[in-house]
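The following questions and answers are intended for a reader who is meeting this structure for the first time. Please keep the sequence and the model in view while reading.

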Amino acid sequence: MKDVALHAGVSQSTVSFVLNGLEDMRISRETRKRVMSAVEELGYRPRGAGRPPKSNRTGVIGLMIDEIATSPFAAISIEGVQEEAWKNDLIVEVVMTGGDKDYEAEVLKKWSGDNAIGVVYGSILTRELVPPFGLARHRAVLLNCYDRDKQYSSVVPAERRGGEVATAALLEAGHRRIAFISGEPWMEASDQRMEGYERALRAARIPVDPSLIVEGNFLPSGGREATLKLMEADTPPDAIFCANDLTAVGCYEALKELGLKVGQSVAVMGYDDQEIAQHLSPALSTVLLPHREMGQWCVEQLLSAYVSSVVIERMECPLVLRRSHQS
């Protein structure tokens, strides 16, 4: 759908409304025609196309997540859960709890009374957590989080491996002095991406230089400040690996302020594959976080006959190469 939107020159929401036949939206006939032309040219098949309609969808899966509004990835995870559930005649009830334990307890009690098929308990930040007590009454899996005692099956991104393949791509492009701009140090994702970065350098027999590792904040402001600091060095980096795409936005800004060209003077690598990555100039090479696939995995696991055995899944984060990593 993202590709269709890009091809038609409209937002993804417009594509969704057109494909779902919502006639009460004020979308012009010309725009609708452009969207459908893009659909035909790209050979896009809407999710669920070709699947016969089903009835009597009475089963429910509960999806409990701490936050939704603070990250675009929550919506992607929810879509993944919903798509897989719908394929199996199940409806998803989504509840945002804000981490309120009393509220979580009441929702879990309700789902027990509703005889929910299972519960997906998720976190917007990849982290270890203590699941609510009432979760044990349900068939449950953990999304983007895990419990220390490994009582529940869980799925998280393979962040270390993602950091490793991102750095390896920069090495393969010929870069040897590669900097890393981290996120806030308390965030597990930032820490593990840096571990992957260091692992790739060691595998290439390149010593890890602490002066090339600068703390950011997962925001453009941190990316800009860290890049300016890195480029002040007597021997500045020839490539910068940013811990997320928003950091890379700030990195781009700083390099342009210094009169340097991204992808020519200095290579840049991001992480997340947010929407903005493909619209930067040059388009940002990055790493995809598999939130949709993680959501789908949760439903598959809940419906699996082997749900009683605990599975800890670290899902691959594929490399998305565009133009910014070469120089």
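Q: How many bridges join β3 to β4?
A: The model under discussion is a predicted one. Within it, strands β3 and β4 run parallel, and one bridge pair between them sets Val120 against Val141 in β4. The number of bridges that join β3 to β4 is seven.

Q: What is the order of the strands in the open sheet of six strands?
A: The pairing in this sheet is parallel, and the twist from one strand to the next averages 20°. β2 (90–96) and β11 (312–315) each have a single partner strand, so they stand at the edges and one side of each lacks a neighbour in the sheet. Read across the sheet, the order is β2-β1-β3-β4-β5-β11.

Q: Which residue of β3 stands opposite Ile65?
A: Strands β1 and β3 run parallel and are joined by five bridges. Strands of a sheet pair through backbone hydrogen bonds. The residue of β3 that Ile65 faces is Gly122.

Q: Is β3 largely enclosed or largely open to the outside, judged by how many of its 12 residues are buried?
A: A residue counts as buried when its relative accessible area is under 20%. Nine of the 12 residues of β3 meet the condition of being buried. The strand is therefore, with respect to the rest of the structure, largely enclosed.

Q: Which residue in β5 stands opposite Val141?
A: Strand β4 covers residues 140–147 and strand β5 covers residues 153–157. The two pair in the parallel sense over three bridges. Opposite Val141, in β5, stands Ser153.

Q: At about what angle does α4 run to β2?
A: Helix α4 lies across four strands, namely β1 (59–65), β2, β3 and β4. Its direction is compared here with that of β2, and the angle between them is about 155°.

Q: Which element gives the most residues to the lining of the second largest pocket?
A: About 520 Å³ of space lies in this pocket, and 26 residues line it. The elements that give two or more residues to the lining are α4 (72–87), β3 (118–129) and α7 (188–203). With four residues, the element that gives the most is β3.

Q: How many residues of the lining of the second largest pocket are charged?
A: Among the lining residues, Ser71, Ile124, Leu125, Met187 and Phe218 lie nearest the centre of the pocket. By class, the lining holds 12 nonpolar residues and eight polar ones. The number of charged residues is six.

Q: Which strands are the edge strands of the open sheet of four strands?
A: This sheet has the order β7-β6-β8-β9, with parallel pairing. Its twist averages 20° from one strand to the next. The strands that pair on one side only are β7 (213–215) and β9 (267–269).

Q: What is the bridge partner of Ala239 in β9?
A: Strand β8, residues 239–242, pairs with β9 in the parallel sense. Three bridges make up this pairing. In β9, the partner of Ala239 is Ala267.

Q: Which strands does helix α8 touch?
A: Helix α8, residues 220–231, packs on the sheet of four strands. Its direction makes about 150° with that of β6 (178–182). The strands touched by the helix are β6, β7 and β8.

Q: Is Val214 buried or exposed?
A: Val214 belongs to strand β7. Beyond its neighbours within four places in sequence, Val214 is in contact with residues including Phe180, Ala226 and Leu230. Its relative accessibility is 8%, and the limit for a buried residue is under 20%. Val214 therefore counts as buried.

Q: What is the relative accessible area of Thr167?
A: Thr167 lies in helix α6, residues 159–172. Leaving aside neighbours within four places in sequence, its contacts are Ile178, Tyr197, Ala200, Leu201 and Phe241. Thr167 is buried, and its relative accessible area is 0%.

Q: Which residues are in contact with Ala38, leaving aside its neighbours within four places in sequence?
A: Ala38 is part of helix α3, residues 29–42. It is buried, with a relative accessible area of 1%. Its contacts, apart from those sequence neighbours, are Val4, His7 and Ala8.

Methods: Residues are numbered from 1 along each chain as its sequence is written. This is a predicted model: local features need pLDDT of at least 70, side-chain atom pairs count only at pLDDT 80 or more; totals for chains, interfaces and linings use all residues. Side-chain values use heavy atoms; hydrogens and water are left out. On a 1 Å grid over the protein atoms alone, a cavity is a set of points where a 1.4 Å probe fits but cannot get out, and a pocket is an open set with protein on both sides within 12 Å along at least five of seven lines; lining residues have an atom within 4 Å of a point. Grid points are joined across faces, edges and corners, and a volume is the space filled by probe spheres set on the points. Ala, Val, Leu, Ile, Met, Phe, Trp, Tyr, Cys and Pro count as nonpolar, Asp, Glu, Lys and Arg as charged, and the others, Gly among them, as polar. Two strands pair if DSSP finds at least two bridges between them. Axes are lines fitted to C-alpha atoms, for helices over the stretch in contact, and angles run from 0 to 180 degrees between N-to-C directions. Contact means heavy atoms within 4.5 Å. Buried means under 20% relative accessible area, exposed over 50%, partly exposed in between (1.4 Å probe, protein chains only).
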